[in-house]
Amino acid sequence: MTEQVREVSENDQLRADIYHLLAALLRSQPSAELLEFLQNLEVDANDDSEMTKAWLALKLAAGQFSSDQLEDEYFNIFLGVGSGEILPYGSWFMTGSLMDKPLALLRQDLMQLGFEREEEVKEPEDHVAALCEVMGILILEAPGYRQLAFYQRHIGSWIERFCDTLAATPSAAFYATVAQLAKAFFAIEANEFEQLSLDIPVNCPGSEAEKITPTTSELAS
């Protein structure tokens, strides 16, 4: 995408920050620094929204585990010996198969948007962490209709099931709170994009995707 100054609202910056946080938590176990950051979050305990409840649960959990402990939890859930307790890939949740048509479509869209996968990255591009990373970038750098198209094509139809599955995995303790936060956040995102779809005119330009220069080269861990 050609460089241009784009005004980012406070709400969009917050949304992008949450996407990047979820990407970090789902890419690997949180570092000691990230756990400390989560422990020090300022959360309004008087707010009884699902999002606030999720933040409070994550903040509490961050103080109960070390990064070393969470390395084992992450391994059991997402990696395992041969396979983890959950397959964190969009194509799996959409079709029940890996490396299927949704992944091919995603790769085509990523190429059109200017994202390139680095050779050393082994995970498919539809890893949930990679998709969150891309959405965070799109919110900051792309027009609304680009965000809407990407979300609808590659995330919206399955992300709630992913959150429910993650919360129910046998090894999920800390990651049950990550799932709680993700589910609350994506419920808000669904409303955000529903409103955006009503606001976008039918003659909106953009039949050919603009290229975006990612702020990070990683598309998956």
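**Note on the core, pocket and cavity of a predicted helical model**

1. The largest nonpolar core holds 59 residues, and those that touch the most other members are Phe150, Phe162, Phe174 and Phe186. Helix α10 gives the largest share of this core, 10 residues. The coordinates come from a predicted model, and every value below should be read with that in mind. As a general background, nonpolar side chains tend to be buried together in soluble globular proteins.

2. On the overall fold, the protein chain has 10 helices and 0 strands, so the element order from the N terminus on is simply α-α-α-α-α-α-α-α-α-α. Of the 221 residues in the protein chain, 42% are buried. When contacts between residues at least 6 apart in sequence are taken, 76% of them join residues at least 24 apart.

3. Which residues does Phe150 contact once its neighbours within four places in sequence are left aside? The partners are Leu106, Leu110, Leu113, Leu131, Val134, Met135, Leu138 and Ile155. One of these, Leu106, belongs to helix α6, residues 101-113, and merits a point of its own.

4. Leu106 counts as buried because its relative accessibility is 1%, where the cut-off for buried is under 20%. Not counting residues up to four places away in sequence, Leu106 touches Glu125, Asp126, Leu131, Phe150 and His154. With Glu125, which lies 19 residues away along the chain, the C-alpha separation is 7.5 Å.

5. Leu106 also takes part in the lining of the largest cavity, together with Gly90, Met94, Pro102, Leu103, Asp126, Leu131 and His154. A search of the whole structure finds 1 cavity of 30 Å³ or more, and the volume of the largest cavity is about 30 Å³. Helices α5 (90-95) and α6 each supply at least two residues of this lining, with α6 giving the largest share, 3 residues. By residue class, the lining of the largest cavity comprises 5 nonpolar, 2 polar and 1 charged.

6. The largest pocket is a separate topic, and its space amounts to about 400 Å³. Its lining consists of 19 residues, and Leu14, Ile18, Met51, Trp55 and Phe185 are those nearest the centre of the largest pocket. At least two lining residues come from each of α1 (10-27), α3 (50-62) and α10 (174-199), and α1 gives the most, with 5 residues. The lining of the largest pocket divides into 10 nonpolar, 3 polar and 6 charged residues, a split to keep in view if the pocket is discussed.

7. The structure holds 12 aromatic pairs. Why is the pair of Tyr19 and Phe185 edge-to-face? The ring centres of Tyr19 and Phe185 are 4.9 Å apart and the planes stand at 80°, and planes over 60 degrees apart count as edge-to-face. This pair links distant parts of the chain, since Tyr19 sits in helix α1 and Phe185 in helix α10, 166 residues apart. Tyr19 is buried at 0% relative accessibility, and Phe185 is buried as well, with a relative accessible area of 3%. Phe185 is also one of the residues nearest the centre of the largest pocket.

8. Tyr19 appears again in the surroundings of Gly136, a residue of helix α7 (residues 128-141). With neighbours within four places in sequence left aside, Gly136 is in contact with Ala16, Tyr19 and His20. Gly136 is buried, its relative accessible area being 0%. Between Gly136 and Leu14, which are 122 residues apart in sequence, the C-alpha to C-alpha distance is 9.6 Å, and Leu14 is itself among the residues nearest the centre of the largest pocket.

9. One aromatic cluster is formed by Phe65, Tyr74, Phe78, Phe174 and Tyr175. Of its members, Phe174 is also among the residues that touch the most other members of the largest nonpolar core. Tyr74 and Phe78 are among the buried residues of helix α4 (residues 67-79), which are Ser67, Leu70, Glu73, Tyr74, Ile77 and Phe78. In general, an α-helix has 3.6 residues a turn, so residues three or four places apart point the same way. Gly80 follows α4 and has a positive phi, near 65°.

Conventions: Residues are numbered from 1 along each chain as its sequence is written. This is a predicted model: local features need pLDDT of at least 70, side-chain atom pairs count only at pLDDT 80 or more; totals for chains, interfaces and linings use all residues. Side-chain values use heavy atoms; hydrogens and water are left out. On a 1 Å grid over the protein atoms alone, a cavity is a set of points where a 1.4 Å probe fits but cannot get out, and a pocket is an open set with protein on both sides within 12 Å along at least five of seven lines; lining residues have an atom within 4 Å of a point. Grid points are joined across faces, edges and corners, and a volume is the space filled by probe spheres set on the points. Helices (H or I, at least four residues) and strands (E, at least two) are DSSP runs, numbered from the N terminus. Ala, Val, Leu, Ile, Met, Phe, Trp, Tyr, Cys and Pro count as nonpolar, Asp, Glu, Lys and Arg as charged, and the others, Gly among them, as polar. A nonpolar core is a set of buried Ala, Val, Leu, Ile, Met, Phe, Trp, Tyr and Cys residues joined through side-chain atoms within 4.5 Å. Buried means under 20% relative accessible area, exposed over 50%, partly exposed in between (1.4 Å probe, protein chains only). Contact means heavy atoms within 4.5 Å. Rings of Phe, Tyr and Trp (its six-membered ring) pair if their centres lie within 6.5 Å; planes under 30 degrees apart count as stacked, over 60 as edge-to-face and the rest as tilted.
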